[in-house]
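Student: Could you pick a single part of this model and give me a close look at it? Then work outward from there, and spell out your cut-offs as you go.

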Amino acid sequence: PDPREKIGVLSELRQTELLATEEAIPLLRKLVEEEPNLIDAKLSLSYRLSATGKIEEALEICTQILQSQPLHSTALNNAILLSTQLGRDQQAIEFAEEMLAMNGEDVRPYRYLAAIYMKQGHSNEVIAIGTKGLSKAPEDPNLNYLVGLSHIYVKQYAQAPQFLEQAIKYG
């Protein structure tokens, strides 16, 4: 049976959302143990754990969700962010590429990939992925900034101003 059909379970989940993180975590752990199919409880637990610095455990929960529901966009998004926080750039890239394959119109994976490549010093990759992302969302200030800056890094000075101006305009 679908645990969401249990009004008591949903009420319990709602009550944990109102609690301080330290109080909510043990209750969420218990709820996840009792209702392992309740994805919202797992996501809430992951969020609360990450807020307390337990990034590894939070990522593990997102990964578990993705094993049973590989197209769960919130779990995928959180997995990218948590992997990045842990410095696991390759894992974050793989998650971002999955998100991109799932929905090529979503600008978030383009942003994530551009930011990771920028951090790694791969300016040409930033330009390539950023340009693809800008074809979907030309007003995106983050992509415009990263692409403009990358053009400077690869000494393509003439291309940089148009992107940096857009970053300022839309930022």
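Tutor: K155 counts as exposed, because its relative accessibility is 61%. On this scale, buried means under 20% relative accessible area, exposed means over 50%, and partly exposed is in between, using a 1.4 Å probe and protein chains only. K155 sits in the loop between α9 and α10. Its phi is near 65°, a positive value in a residue that isn't glycine. For background, most residues other than glycine have a negative phi.

A word on ground rules: this is a predicted model, in which local features need pLDDT of at least 70 and side-chain atom pairs count only at pLDDT 80 or more, while totals for chains, interfaces and linings use all residues. Residues are numbered from 1 along each chain as its sequence is written, and side-chain values use heavy atoms, with hydrogens and water left out.

Now for the two helices on either side of that loop. Helices here are DSSP runs (H or I, at least four residues; strands are E, at least two), numbered from the N terminus. The axes of α9 and helix α10 (residues 160–170) come within 7 Å and cross at roughly 155°. That makes α9 roughly antiparallel to α10. The axes are lines fitted to C-alpha atoms over the stretch in contact, and the angles run from 0 to 180 degrees between N-to-C directions. Under 35 degrees counts as roughly parallel, over 145 as roughly antiparallel, 65 to 115 as roughly perpendicular, and the rest as oblique. α9 passes α10 in a left-handed crossing, meaning that the near helix is turned anticlockwise from the far one by less than a right angle (clockwise would be right-handed).

Who does the touching? On the α9 side, P141, N144, Y145, V147, G148, L149, H151 and I152 make the contact, and they meet A160, F163, L164, Q166, A167 and Y170 of α10. Contact means heavy atoms within 4.5 Å. Sorted by class, this set has 10 nonpolar residues, four polar and no charged. Nonpolar covers Ala, Val, Leu, Ile, Met, Phe, Trp, Tyr, Cys and Pro; charged covers Asp, Glu, Lys and Arg; the others, Gly among them, are polar.

α9 has another partner. Helix α7 (residues 108–120) packs with α9 (residues 141–153) at an angle of about 30°, with the axes 10 Å apart. These two are therefore roughly parallel to each other. α7 also passes α9 in a left-handed crossing. From α7 come Y110, R111, A114, A115 and M118, and from α9 come N142, L143, L146, L149, S150 and Y153. That group splits into eight nonpolar, two polar and one charged. Keep an eye on L149, which appears in the contact with α7 and in the contact with α10.

Another helix pair is worth a look for comparison. Helix α2 (residues 21–34) and helix α3 (residues 39–51) pack at about 145°, with their axes 9 Å apart, and α2 passes α3 in a left-handed crossing. The α2 side puts in T21, A24, I25, L28, R29, L31 and V32, while α3 offers A41, K42, S44, L45, R48 and L49. By class, that contact has eight nonpolar, two polar and three charged residues.

To set against exposed K155, try S83 in helix α5 (residues 73–85). S83 counts as buried because its relative accessibility is 0%. Setting aside neighbours within four places in sequence, S83 is in contact with L59, R88, Q91, A92 and F95.

Q15 belongs to helix α1 (residues 7–17), and at 46% relative accessibility Q15 counts as partly exposed.

Zooming all the way out, the chain has 10 helices and zero strands. Of its 171 residues, 42% count as buried. The C-alpha trace spans about 60 × 30 × 30 Å along its principal axes. Among contacts with a separation of 6 or more, 46% are between residues 24 or more positions apart.
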